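Please open the structure in your viewer and keep the selection tool at hand. The stops below say what to select and what is there.

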Amino acid sequence: DFALSDLATPEDRMEALRDIHLRAGQMSTLINRLLALTRMDAGQTRVDLETIDLCDLAEVVAAQIEDGAAERGMTVALSLDGPVWARCDQTMLTQALLNLAENAVKYGREGGHVRVAAFARDGEARLVVEDDGPGISPEAMPHIFERFYQGDRSRQAGGAGLGLSLVRLIARLHGGRVEVESALGEGSRFTIVLPLEAGEN
């Protein structure tokens, strides 16, 4: 309303437009995640499974977060020990890994590091996102996958508390799970664990 008034300067209007653009983007992300969760809960999500190398998926996600990481002076490292074959919906799993990677950039330590990895261990395929940020408090740890749960840093960054719920649900739709390790002041490590497929010819 102020931007539309005669009192607003061109600079005021430009600042208002930037803020509206930011808020619209956040609202769009929130709505899309809510829709995705609702459809998955209702069993209305089609999962198109194909056998893919998770190393390719990790490489794509690492590339997608590089610009955002650079803005915060962060380095993105890619660690691949493959091929790592898994049956998955490529679009859905890419979104899950991207959610984790974007969180690492958003909540990690400025000037720090983010590592995206893909490898197989103990007969399972693993996708990992690791940062050297402030870590997750023991009080918050039991709640981070709950819908709409927001820790202090999530609230400060304008998070909606849906990203990790979506990651866990996507992992479960693939017969997998999400594991998390974190220590205050040392960082966090999220791992999507999936059934490992035999290698392709």
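Two strands count as paired if DSSP finds at least two bridges between them. The model on screen is a predicted one.

**The whole chain**

Start with everything selected. Six helices and seven strands make up the secondary structure. Read from the N terminus, the elements follow the order α-β-α-α-β-β-α-β-β-α-α-β-β. Of the 201 residues in the chain, 37% are buried. The chain exposes about 11,500 Å², and carbon and sulfur atoms supply 50% of that area. Among contacts between residues at least 6 apart in sequence, 74% join residues at least 24 apart.

**The sheet**

Next, select the strands β2, β4, β5, β7 and β6, which in that order form an open sheet with mixed pairing. Which strands stand at the edges? They are β2 (75-80) and β6 (177-183); each has a single partner strand, so one side of each has no neighbour in the sheet. On average, neighbouring strands here are turned by 15° against each other, direction ignored.

Now select β2 together with β4, residues 113-121. This pair runs in the parallel sense, over six bridges. To find one position on it, pick Leu 80, which stands opposite Ala 118 in β4.

**Helices on the sheet**

Add α2 to the view. Helix α2 packs on the sheet and touches β2, β4, β5 (124-131) and β7 (187-195). The direction of α2 makes about 175° with that of β2.

Then add α4, residues 90-107. Helix α4 lies across β4, β5 and β7, and runs at about 25° to β5.

**Ile 65**

Select Ile 65, in the loop between α2 (54-64) and α3 (66-71). Is Ile 65 buried or exposed? Its relative accessible area is 3%, and buried means under 20%, so Ile 65 is buried. Show its contacts, leaving aside neighbours within four places in sequence: these are Val 76, Leu 98, Ala 101, Glu 102, Val 105, Val 114 and Val 116. For a distance, pick Ile 65 and Ala 104: they are 39 residues apart in sequence, and 9.5 Å apart from C-alpha to C-alpha.

**Leu 17**

Last, go to helix α1, residues 10-41, and select Leu 17. The relative accessible area of Leu 17 is 52%, and exposed means over 50%, so Leu 17 counts as exposed. Add Met 14 and Ile 20: with Leu 17 they make a nonpolar surface patch of about 300 Å².

Key
Residues numbered from 1 in each chain as written. Predicted model: local features only at pLDDT ≥ 70, side-chain atom pairs only at ≥ 80, totals over all residues. Heavy atoms only, no water. Patch = residues over 30% accessible without salt bridge, like charges linked within 9 Å, V, L, I, M, F, W, Y side chains within 5 Å. Areas by Shrake-Rupley, 256 points an atom, 1.4 Å probe, with all protein chains shown as cover. Salt bridge = Lys/Arg side-chain N within 4 Å of Asp/Glu carboxyl O. Helix = DSSP H or I, 4+ residues; strand = E, 2+ residues; numbered from the N terminus. Buried < 20%, exposed > 50% of the residue type's maximum accessible area, 1.4 Å probe, protein only. Contact = heavy atoms within 4.5 Å. Axes fitted to C-alpha atoms, helices over the stretch in contact; angles between N-to-C directions.
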